[in-house]
Amino acid sequence: MKAVVFSGLLGLVSATSVMAEDAFVYPFEGSFEDATFAVESAIVDQGLVIDYVSHVGDMLNRTGVDVGSDTVIFKNADIFLFCSAVISRQVMEQDPMNITHCPYGIFVLESDDGVTLGHQDYPDGSMQAVENLMQQIVAEAIGN
């Protein structure tokens, strides 16, 4: 599985200077719809329940005019939010402040450069179990 860590995810898809937390991003060979199905299936295959799917791309496209912008940031973008009772308990027993990272999210975005999957780069140490889970889910989704 080939992953790239980007600081400033928005810089990946546009020339904006807004910085996001570090993220792992993975190219997906296929359509946005195929990618969202693959991510959803990979999460469920881990025995997890998707709490919410945030349709960020739809929101940004719908509200651009309302905020005075005609910039298209993403063609499509969804974030799948979920949690693992086992891993969440494990990481929060190590550090209760790891609650700030829950729920966990995997994004799927489509830009002029293609379809990309990704997740945030969690802090070293007690959050490694979450990062491992995220990488397993993405690896399954991209077919590795």
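**View 1. The accessible surface of the protein chain in this predicted model.** Roll a probe over the chain and you get about 8,000 Å² of accessible surface, with carbon and sulfur atoms owning 54% of that area. As for what's tucked away, buried residues account for 39% of the 144 residues.

**View 2. The fold of the protein chain, element by element.** Five helices and six strands make up the secondary structure here. Trace the chain from the N terminus and the elements read β-α-β-α-β-α-β-α-β-β-α. Take the contacts with a separation of 6 or more: 64% of them join residues 24 or more positions apart.

**View 3. Strand β2 and its partner β6.** Strand β2 covers residues 23-28, and five of its six residues are buried, so the rest of the structure largely encloses this strand. Next to look at is strand β6, residues 114-120, which pairs with β2 in the antiparallel sense over six bridges. One residue pair to pick out is A23 with Q120, its bridge partner in β6.

**View 4. The second largest pocket and the residues that line it.** This pocket holds about 190 Å³ of space. From the L60 side of the numbering, the lining takes in L60, N61, T63, G64, V65 and V67, and it also includes S69, D70, T71, V72 and I73. Sort those lining residues by character and you get five nonpolar, five polar and one charged.

Notes. Residues numbered from 1 in each chain as written. Predicted model: local features only at pLDDT ≥ 70, side-chain atom pairs only at ≥ 80, totals over all residues. Heavy atoms only, no water. Helix = DSSP H or I, 4+ residues; strand = E, 2+ residues; numbered from the N terminus. Buried < 20%, exposed > 50% of the residue type's maximum accessible area, 1.4 Å probe, protein only. Contact = heavy atoms within 4.5 Å. Areas by Shrake-Rupley, 256 points an atom, 1.4 Å probe, with all protein chains shown as cover. Pairing = 2+ DSSP bridges. 1 Å grid on protein atoms, 1.4 Å probe; cavity = no way out; pocket = protein on both sides within 12 Å on 5 of 7 lines; lining within 4 Å. Points joined across faces, edges and corners; volume = space filled by probe spheres on them. Nonpolar A, V, L, I, M, F, W, Y, C, P; charged D, E, K, R; others polar.
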